[in-house]
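Biologist: I am new to this structure and would be grateful for a close look at one part of it. Please begin with the cysteines and then continue to the surrounding architecture.

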Amino acid sequence: MKVFVVGGGGREHAIIWKLAQSERVDKIYCAPGNAGIEPLAQCVPIKAMELEKICDFAQANKIDITVVAPDDPLAAGLVDMLEQRGLRAFGPNKAAAQIEASKVFAKDLMKKYNIPTADYSVFESSAEATEHIRRLNKFPAVIKAEGLALGKGVIIAQNMEEAENAVCEIMDGQRFGEAGRRVVVEEFLTGPEISVLAFCDGKTLVPVVSAQDHKRALDGDEGPNTGGMGTFSPSRVYSEAMAKECMENIFLPTMNAMNSEGRKFKGVLYFGLMATQTGVKVIEYNCRFGDPETQVVLPRLESDLADIFEAVADERLADVPVKWRSDAAVCVVAASGGYPGKYATGCEISGLKEALSLDGIVIFHAGTKREDGKIVTSGGRVLGVTAIAPSLDEAIKKSYEAIGKIRFANMHYRKDIGIK
């Protein structure tokens with residue numbers, strides 16, 4: 001098989017790392033890739049949003065399956081374009097990707113099909129949104145930009161001043177561009193967060209092992225929201241009873257709701273959940289592998305990922321066994337100082353070989369490139385240092401031992417991943 005993976009971050013590195021273990025995969029291409037992906041796949045200089053170029057490449061190179069990993073090209077309809085050319089793709093089409101691309105669509109879907117979620121209201125003007133928040137006078141208040149915002153479009157306001165600033169920033173200041181044309185104002189839920197991804201072909205849904213993400217930039221869940229500073233699997237709170245509740249009340253109803261709306265979902269459906277005192281509720285959906293959750297769930301996968309991708313594309317997921325290792329995994333993200341705000345790039349990274357020499361360590365590159373034979377930083381999140389061990393506590397220890405050997409200027413990472 002020839003596989004083409006679209007994207008160039010830690011998630012894509014983890015997908016390629018897993019695909020490279022398949023006996024059926026002979027050749028992997030990646031667009032645009034990064035320094036960590038280079039040893040496993042042929043990186044091609046095409047950006048993830050250069051949709052026509054991606055389709056041309058897949059056609060010219062007779063690719064067996066193109067894996068569209070990031071949200072932007074999915075929302076822009078890359079899967080539709082590939083399929084129109086008679087090419088096989090893994091990922092939802094444009095209509096199904098709306099489940100992530102529009103928070104308004106997702107919330108309305110949950111309301112219509114009685115899928116448990118937080119109460120919400122939608123606004124098209126900043127004045128109406130702030131007036132609504134003032135009238136409710138309930139804090140913290142959750143304010144979300146409607147569209148895709150690199151995982152940073154959610155602001156939790158602790159008081160009216162913060163709420164007003166958030167609404168103005170999103171809607172009037174256009175911090176996230178078109179994504180902030182409308183905002184969703186939601187009730188604040190409390191409880192442990194859980195991430196569950198699921199393979200879905202529109203007929204069958206197979207949940208992936210649970211994980212938990214750490215979104216805030218600083219220890220103790222302080223600081224601004226990021227794309228994710230680390231993650232661990234399995235979740236400490238996700239019980240078998242909870243898994244059953246989610247399958248019955250959330251996972252299958254979501255797949256069926258999408259079918260009812262004529263938006264058959266094929267790919268990876270990500271459920272961002274919260275275990276509240278009144279049951280598990282959906283915080284958000286993503287239409288693709290979560291990042292950095294992928295860096296802890298795929299190392300636990302025993303089955304052949306290429307088989308799963310093909311089965312989803314061909315709508316025969318029910319025929320493919322999906323098996324998991326009992327080991328735990330922890331990923332700690334090494335970020336550039338200043339992320340998610342302004343940060344420097346081009347800093348040389350050292351200590352990778354020393355970290356990789358430790359048992360059970362895999363390093364997934366997120367924002368790296370090769371320059372004059374050296375690996376340097378090229379993004380906010382730079383590396384995901386993943387450890388696999390029989391227990392969570394052991395994996396945490398190993399991951400921090402490994403990240404302690406890595407150096408680059410102004411490197412920043414949280415010291416409490418997996419602790420809570």
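Biologist: Is C43 buried, partly exposed or exposed, and what is its relative accessible area?

Modeller: The model is a predicted one. In it, C43 is partly exposed, with a relative accessible area of 25%. The closest cysteine sulfur to that of C43 belongs to C30, at 5.3 Å. A disulfide requires two cysteine sulfur atoms within 2.5 Å, so the separation between C43 and C30 is too far for a bond. C55 presents another case: its relative accessibility is 0%, and it therefore counts as buried. For C55, too, the closest cysteine sulfur is in C30, but here the distance is 16 Å, which is again too far for a bond. By the 2.5 Å rule, the count of disulfides comes to 0.

From the cysteines we may turn to the sheet. Strands of a sheet pair through backbone hydrogen bonds, in either a parallel or an antiparallel manner. Here, an open sheet of 4 strands follows the order β11-β10-β16-β17, and its pairing is antiparallel. The edges are held by β11 (205-207) and β17 (279-286); each has a single partner strand, so one side of each is left without a neighbour in the sheet. From one strand to the next, the twist averages 35 degrees. Within this arrangement, β10 (residues 193-200) and β16 (residues 267-276) run antiparallel and are joined by 8 bridges. One residue of this pairing is L197, whose bridge partner in β16 is Y270.

Helices accompany the sheet. Helix α9 (residues 240-260) packs on it and touches β10, β11, β16 and β17. The direction of α9 makes about 130 degrees with that of β16. Helix α11 (residues 305-313) lies across β10 and β16, and runs at about 70 degrees to β10.

A further packing arrangement involves two helices. The axes of α5 (residues 94-101) and α6 (residues 103-112) come within 6 Å and cross at roughly 90 degrees. Angles of 65 to 115 degrees count as roughly perpendicular, and α5 is therefore roughly perpendicular to α6. On the side of α5, the contact is made by Q98, I99, E100 and A101, while α6 contributes K103, F105, A106 and L109. Sorted by class, this contact of α5 with α6 has 5 nonpolar, 1 polar and 2 charged residues.

Technical notes: Residues numbered from 1 in each chain as written. Predicted model: local features only at pLDDT ≥ 70, side-chain atom pairs only at ≥ 80, totals over all residues. Heavy atoms only, no water. Buried < 20%, exposed > 50% of the residue type's maximum accessible area, 1.4 Å probe, protein only. Pairing = 2+ DSSP bridges. Axes fitted to C-alpha atoms, helices over the stretch in contact; angles between N-to-C directions. Contact = heavy atoms within 4.5 Å. Parallel < 35°, antiparallel > 145°, perpendicular 65-115°, else oblique. Nonpolar A, V, L, I, M, F, W, Y, C, P; charged D, E, K, R; others polar.
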